[in-house]
Amino acid sequence: MSAKAISEQTGKDFLYKYICTSAAVQNRFRYANVTAETDFDRLAKEHPWLLTERLVVKPDQLIKRRGKLGLVGVNLDLQGVKAWLKPRLMMETTVGKAKGILKNFLIEPFVAHKQEEEFYVCVYASREGDYVLFHHEGGVDVGDVDAKAQKLLVGVDEKITEEAVQKQLLTHVPKDKKSVLASFIVGLFNLYEELFFTYLEINPLVATKDGVYVLDMAAKIDATAEYLCKAKWGDVEFPPPFGREAYPEEAYIADLDAKSGASLKLTLLNPRGRIWTMVAGGGSSVVYSDTICDLGGVNELANYGEYSGAPSEQQTYDYAKTILSLMTREKHNEGKVLIIGGSIANFTNVAATFKGIVRAIRDYQVPLKEHEVTIFVRRGGPNYQEGLRVMGEVGKTTGIPIHVFGTETHMTAIVGMALGHRPIPTQPPVAAHTANFLLNSSGGSSTPASSRTTSFSDNKVSATSSPAKKPKTGTPAAKATNLFAKHTKSLVWGMQTRAVQGMLDFDYVCSRDEPSVAAMVYPFTGDHKQKFYWGHKEILVPVYKNMADAMKKHPEVDVLISFASLRSAFDSTMETMQYPQIHTIAIIAEGIPEAHTRKIIKRADEKGINIIGPATVGGIKPGCFKIGNTGGMLDNILASKLYRPGSVAYVSRSGGMSNELNNIISRTTDGVFEGVAIGGDRYPGSVFTDHVLRYQDTPGVKMIVVLGEIGGMEEYKICQGIKEGRITKPVVSWCIGTCATMFTSEVQFGHAGACANQASETAVAKNEALKEAGAFVPKSFDELGDLIKSVYDDLVGEGVIVPAAEVPPPTVPMDYSWARELGLIRKPASFMTSICDERGQELIYAGMPITEVFKSELGLGGTLGLLWFQRRLPRYACQFIEMCLMVTADHGPAVSGAHNTIVCARAGKDLISCLTSGLLTIGDRFGGALDAAAKQFSKAFDGGMLPMEFVNKMKKEGNLIMGIGHRVKSINNPDMRVQILKDFVKLNFPSTQLLDYALDVEKITTSKKPNLILNVDGFIGVAFTDLLRTCGGFTRDEADEFVEIGALNGIFVLGRSMGFIGHYLDQKRLKQGLYRHPWDDISYVLPEHMSM
């Protein structure tokens, strides 16, 4: 949702902080908030004026006409305020249909004034600009301000002036107040624009000789502009409509939504209700709610919500478990139903999202059975067959009744089944996987010619698109009436490779001669080529860093498909409109601020450019062109016969519902000629009539389907067109959102524009108006398909439509990745790994989620145990590993590894190069003795050799004993590192047989030479072997294998890397120059034969 109501206190806070006006705004920041927890003594200390002034008190909970309802206490002292609050605070009251608890109040100074000093002012957004309403009589009796107030339209990108305000708004205001009010209204409007308000009403605005007073205020802001206004807004709290409580689960889902690129919405209507929904798609969620209410379930409907935009398995799981948790808290004597519904997805992997839901059902299977929950599922889209199969399986394994249906079943049929209005049919067998649709039913392997070039009717239409006519100076440019043709070429903004491949596959199956994507624009990389498939062949599509290069090199492009993010969509779209070759732009992003969208619309109107979106999946012209992910994957393209044109054109707001219309129309008629989803925002770039009139003027279109929705007035223009004879083709129309009038409190549906601000904007009113105008309007969405079929059959009977024979489409190979996702193929993996898995929602180390690693406080030693040894080691073992890393971290700058690192650093090399230089010196002579010592001592000990025998054998063979000997340390000058480790090992290890053996060897070697001690490498080698053998986590063979494959040397490498990095940073910090070894430290000798 974009326009969200804020509390009066928040609105006034914004106004007092940021308004810029010469008018003296009085009582700035003089308000106090009161709740049930308020301590009035403390409140009076924080706001001393409460004790000295007369006061006004009122609820601040988005309640309209508080004065008329007797909910304003006027001219009271603080004691009077307390007395006034006593019977009202935390008491239930009814406002219209809504019942709610009065829990939040605002106290402000009382302003004594005359009636003639009260005024009314309101600023609100519209498609063409922002209207400023002003009436010289304000207050509770202002009446119908729309009819009475003076209006000033400030067009998009235009500025408001005090002269215009005085001339058009203040005609009935006394002269002495005109200047002050004009300055205030201009400042108010500028504030409104700067902070992205969409509605701002002050009634009354009081103007006295002392200045202006803002008494009562109501406001909405564009929540999508948070990324622009965060610094000034701060953390805005959006209160729920009066009559609906704010539940923590709603806040939890809102938080999930904010952190996700997907859309997750939840509104609790009646937590005790028996009908719960978990619906995919903003438009679909409204349709399901409509159908439930139409069938008498409004009082039992527990929630409204939707998930869409390809949420991950974990996000879907979190959403589903929240729903299941809520619905299993209170039992219902009739049991409960859960409707898991949705239209046919365009790009969401249904099986992946269903995995999350299935996990939640398994987790809640016991309470679900206790509460006698029956689940009804209907879904379509990519991999939906696997999703339905998994959902059916979980019903069988858990014993929960789950009824599963696919695209063969009308979208809302499961509602009638769930509520007992229609029988539950025997479930038909569904295809095993999506790939079944990719088989050529003709059995031929050749690619046939285009199956159809126009609609199924006899009329032929030109394949060329009609270009926009060059406008006369000062008039808006005419827009193209035929947006897409078989030769249309497009640019795609954004690295959306999946969407582009989908477009190319569609092109191929439509038998286009060339791909519809000429190039891509992606500013975050350099110019390059991106590989795609054209049927069986690989092709290269150029990718450009900037728009200008792409336009210059591809003059044939006339369509831009923008996958830019909500933050960059505005700038990239405005840039695109500089190029006259572009006549259509599709903006996919959701959440673009409305002010930005209106600027785009204005510029597009001036340039004669068609805009589809924002917040859309796009549109499709079967046999010609499709935008991005429209129409879904190839299985749906073929199932809905979108590879060739039919006779029916449609326009909808919802992207998901547009795909459902593809399905309905393909099952009831000869198919779709063209379909456009204009987007769910309040101000879509193009409106219903833009496309309906195009369809009216397109010979191949024989009938039109319009899927409107609650909010806005655009459907009335269709009524007008029908009445005036401008639209003569049959129009089948239905507006979704009829349930809104049945709810007791306002519900914001999934689309930003799906909210009625007046009676005429309700879906019920619009459906009645359309029917009255002569459109074909069903009784409900359930009957939409039947009505479309009836109108189509009549047109066929009249000879207007002549169905043609079907021709099979070309076959398109399936992508390897998708075939693997569907389980159609298998391939040996190139790599095997068993220590880490990053594919899920949470990183996993050797089977342990990263959150558990931190909760268990494993530390670095424990983490190393998981990643190196695939075990959760005992605490003492983790500590020992950490101690080994600490004692091996560094041994000064003179050793070879540190020396190399320092020399490399002083040569100006980077960190990685310097570290590598040092690590390359590690071997048997420096630091690499851990493994060798462990192997030598283990072999001798395991072979039953006495320590003396081992020493004598090594001497006889002329081999050094690895881990014995030190250049500096000796029996008389012991290495404290070894002593620290020895004390810890002796205290904590269950057994130290190999260490004891090595210490016996040390006694023999030091008796011959005092520096032949067990050094730190040798100690760690033998002690670690004892650890592996005796900690209980490994078999003897496993312990020996870790020694054999070099695990122990890893301790030294990891530990000493810390020291090497330290030396690198030290040299850089000290700014040491290039190192050159001094001559006097080098012995220059001649070759032996020359010295003689």
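Start with the whole protein chain: 55% of its 1092 residues count as buried. This is a predicted model.

**Stop 1: the whole chain**

Show the C-alpha trace and turn it. Its atoms fill a box of roughly 115 × 90 × 75 Å along the principal axes. Colour by secondary structure next: the chain comes to 38 helices and 35 strands. Now think about contacts with a sequence separation of 6 or more. Of these, 73% link residues 24 or more positions apart.

Switch on the surface. About 48,200 Å² is exposed, and carbon and sulfur atoms supply 53% of that area. Then colour by charge. There are 120 positive and 122 negative side chains. The centres of the two sets lie 2 Å apart.

**Stop 2: a four-stranded sheet**

Select β2, β7, β3 and β4. They form an open sheet in exactly that order, β2-β7-β3-β4, with antiparallel pairing. Why do β2 and β4 each have one side without a neighbour in the sheet? Residues 32-34 make up β2 and residues 73-76 make up β4; both stand at the edges with a single partner strand, so one side of each is left free of a neighbour there. Look along the sheet for its twist. Neighbouring strands are turned by 25° against each other on average, direction ignored.

Add helix α1, residues 8-18. This helix packs on the sheet and touches β2, β3 and β7. The direction of α1 makes about 40° with that of β7.

Stay with β3 and β7. Residues 55-59 form β3, residues 105-109 form β7, and five bridges join the two antiparallel strands. Pick Pro 59 and look across: Phe 105 in β7 stands opposite.

Before leaving, select Phe 29 in the loop between α1 and β2. Most residues other than glycine have a negative phi, and most peptide bonds are trans. Phe 29 is not a glycine, yet its phi is positive, about 60°. Phe 29 counts as partly exposed because its relative accessibility is 38%.

**Stop 3: a cis bond in a strand**

Jump to Asn 203 and Pro 204. The peptide bond between them is cis, with omega near 0°. Pro 204 sits in strand β11, residues 197-208.

**Stop 4: β21, β22 and β23**

Select residues 517-544. How do β21 and β23 run, parallel or antiparallel? They run parallel: two bridges join β21 (residues 517-521) to β23 (residues 537-544). Find Met 520 and its bridge partner in β23, Val 543.

Now compare β22, residues 528-534. This strand pairs with β23 in the antiparallel sense, over seven bridges. One pair to label is Phe 532 with Ile 539 in β23.

The turn is worth a zoom. Two residues lie between the strands in the hairpin of β22 and β23. There, Gly 535 takes a positive phi near 65°.

**Stop 5: β26 and the loop after it**

Select Asn 610 in strand β26, residues 610-612. Is Asn 610 buried or exposed? At 9% relative accessibility, Asn 610 counts as buried. Show what surrounds this residue. Beyond its neighbours within four places in sequence, Asn 610 is in contact with Lys 479, Ala 480, Leu 483, His 583, Thr 584 and Ile 585.

Move along to Gly 613 and Pro 614. The peptide bond from one to the other is cis, with omega near 0°. Pro 614 is placed in the loop between β26 and β27 (619-621).

Go on to Lys 641. This lysine is in the loop between α19 (634-639) and β29 (648-652). Its phi is near 55°, positive in a residue other than glycine. With 26% relative accessibility, Lys 641 counts as partly exposed.

**Stop 6: helix α26**

Finish at α26, residues 850-855, and pick Phe 854. Relative accessibility is 64% here, so Phe 854 counts as exposed. Draw a distance to Leu 504, which is 350 residues away along the chain. The C-alpha atoms of Phe 854 and Leu 504 are separated by 47 Å.

Now take Ile 850, also in α26. Which residues does Ile 850 touch, not counting those up to four places away in sequence? They are Glu 842, Leu 843 and Tyr 845. For a last distance, choose Glu 556. Ile 850 and Glu 556 are 294 residues apart in sequence and 52 Å apart in space, C-alpha to C-alpha.

Key. Residues are numbered from 1 along each chain as its sequence is written. This is a predicted model: local features need pLDDT of at least 70, side-chain atom pairs count only at pLDDT 80 or more; totals for chains, interfaces and linings use all residues. Side-chain values use heavy atoms; hydrogens and water are left out. Two strands pair if DSSP finds at least two bridges between them. Axes are lines fitted to C-alpha atoms, for helices over the stretch in contact, and angles run from 0 to 180 degrees between N-to-C directions. Contact means heavy atoms within 4.5 Å. Buried means under 20% relative accessible area, exposed over 50%, partly exposed in between (1.4 Å probe, protein chains only). Accessible areas come from the Shrake-Rupley method with a 1.4 Å probe; for residues, only the protein chains shown count as cover. Lys and Arg count as positive and Asp and Glu as negative; His and the chain ends are not counted. The place of a charge is taken as NZ of Lys, CZ of Arg, CG of Asp or CD of Glu.
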